[in-house]
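I wanted to go through the enclosed spaces of this model and then the annotated sites. My notes follow in the order I looked things up.

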Amino acid sequence: MTQLLKVHGSQNHFFILDQTLLNEPLKDKELSMLAQQLCASDTGILNGADGILVVDRPDHPGPAARMQVINADGSEASMCGNGIRTVARYVASKTGKNQFAIQTMCADLRVSKQDDLAPNVPAFAAEISPVTFNAKSLPFRHLGKKRIVNDYVPELQPGLRFTSIAVPNPHLISFVDKETIKGNVLGQLGSYLNGHNPYFTDGVNVSFAAILGQNKLFVSTFERGVGFTNACGTGMSATSLAFCLTHPDQGQLDHKIDVYNPGGKVQVIVHFDRPNYWMELIGNATVTDKIEVAEKNLHQANVTNDQVQIEHTDEQEAYHNYIQSISHPIDVNVKD
């Protein structure tokens, strides 16, 4: 038997799988099949999840661990801002370290333990980088531009200005009013750009943000490979950077920006170390369940309720109490 953890950052839910505990690590194809089975609400356990966070040994000196992100549809993401905080907590518990680096697809990222947000609501900070703006990095094409920063893009949606940033996950961001966030445009645009389209050929995470005041945002995201999600960590980080770039009177560099989302709230600090931008993403790292499962079932992508033993923690109740204490600025649907 081996153990999975059900975790979340801002109710962006994942299963953590530690490959170093297995007799035979899962191959990439097996991980893709497992994610599709385990994360689906109808075939998996615990109402599924947004993806699997795979922990493994780093392939070079320096990092304490390596993280691989497998989306619910079986595709692989280069990074996950909410997920890396939960992996940081897991690695911290294994190593006894409070500050270290985690290897991701594109970079080794610094993480650190933070003060609890509330009783029994642990928090971690994670570096979000590298940042690029060029069309090739995202990628996008056929839009008549080499980069998109606070610009109209009539092919995508009339009347809205967009900013596109890779962090390194690709993001398309628009600052809108509250009614637009609650409307249908985000879902329509997100579905279009993550299906067959001539512009973002690899898909893109689409975020709509409402400015709530000085260093204060609400962000809703249609996530590539997932769909609507309670929160997207790299999306909130990219949106905070776009906020500082396009609304510098309200979004300040080197200050904590409160970023509300359908699943709760995080804080983002945007840094500019010429010529590079990078962000710190600070938020919860909650463990809701511990799952005992036979290793063979992981290889067979067959993890169902009758084949596992589940131990619930009391951390979700503590997180719920914390969220209830926050004055949520926009009423939107939250995924269970």
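Entry 1, the smaller cavity. I sorted the lining of the second largest cavity by class and got three nonpolar, five polar and one charged residues. The model is a predicted one, and I kept that in mind throughout. The residues that line this second largest cavity are Asn12, Met79, Cys80, Gly81, Asn169, Glu223, Cys232, Gly233 and Thr234. I noted its volume as about 30 Å³.

Entry 2, the cavity search. How many cavities of 30 Å³ or more does a search of the whole structure find? The search gives two. For the largest cavity I wrote down about 90 Å³ of space. I listed its lining as Phe14, Val69, Asn71, Glu76, Ala77, Met79, Cys80, Asn169, Asn205, Glu223 and Arg224. By class I have five nonpolar, three polar and three charged residues in this lining of the largest cavity. I also checked which strands contribute: β4 (65–71) and β5 (76–77) each supply at least two residues of the lining.

Entry 3, the active site annotation. I took the feature "active site" from UniProt, where an unreviewed entry places it at Cys80 and Cys232. The two are spread over 153 residues of sequence, yet they cluster in space, with a largest C-alpha distance of 7.6 Å. Of these residues, Cys80 is included in the lining of the largest cavity.

I then looked at each cysteine. I found Cys80 in the loop between β5 and α2. Cys80 has a relative accessible area of 5%, so I count Cys80 as buried. Leaving out residues up to four places away in sequence, Cys80 touches Asn12, Phe14, Met67, Val69, Asn169 and Thr234. Cys232 sits in the loop between β14 (227–229) and α5 (233–246). Its relative accessibility is 3%, so Cys232 is buried. With the same sequence neighbours left out, up to four places away, Cys232 touches Asn12, Asn82, His171, Thr221 and Glu223.

Entry 4, the binding site annotation. Which residues does the UniProt annotation "binding site" cover? The unreviewed entry gives Asn12, Asn71, Gly81, Asn82, Asn169, Asn205, Glu223, Arg224, Gly233 and Thr234. From this set I matched Asn71, Asn169, Asn205, Glu223 and Arg224 to the lining of the largest cavity.

Entry 5, Asn82. I placed Asn82 in helix α2 (residues 81–95). Is Asn82 buried or exposed? Asn82 counts as buried because its relative accessibility is 0%. Leaving aside neighbours within four places in sequence, I find Asn82 in contact with Gly9, Ser10, Asn12, Phe14, Ala231, Cys232, Gly233, Met236 and Leu281. I also logged a polar contact between the side chains of Asn82 and Asn12, at 3.1 Å.

Entry 6, Glu223. I placed Glu223 in strand β13 (residues 216–223). The relative accessible area of Glu223 is 10%, under the 20% limit, so I count Glu223 as buried. Setting aside neighbours within four places in sequence, the contacts of Glu223 are Asn12, Asn205, Thr229, Ala231 and Cys232.

Entry 7, cross-check. I went back over the lists for Asn12. Asn12 is among the contacts of Cys80, of Cys232, of Asn82 and of Glu223. Asn12 also lines the second largest cavity and belongs to the "binding site" annotation. I closed the notebook there.

Key:
Residues are numbered from 1 along each chain as its sequence is written. This is a predicted model: local features need pLDDT of at least 70, side-chain atom pairs count only at pLDDT 80 or more; totals for chains, interfaces and linings use all residues. Side-chain values use heavy atoms; hydrogens and water are left out. UniProt positions are given in the numbering used here, feature names are shortened, and annotations may be inferred rather than shown by experiment. On a 1 Å grid over the protein atoms alone, a cavity is a set of points where a 1.4 Å probe fits but cannot get out, and a pocket is an open set with protein on both sides within 12 Å along at least five of seven lines; lining residues have an atom within 4 Å of a point. Helices (H or I, at least four residues) and strands (E, at least two) are DSSP runs, numbered from the N terminus. Buried means under 20% relative accessible area, exposed over 50%, partly exposed in between (1.4 Å probe, protein chains only). Contact means heavy atoms within 4.5 Å. A polar contact is a pair of N or O atoms within 3.5 Å; within protein, one must be able to donate a hydrogen and the other to accept it, and residues adjacent in sequence count only if both atoms are side-chain atoms. Grid points are joined across faces, edges and corners, and a volume is the space filled by probe spheres set on the points. Ala, Val, Leu, Ile, Met, Phe, Trp, Tyr, Cys and Pro count as nonpolar, Asp, Glu, Lys and Arg as charged, and the others, Gly among them, as polar.
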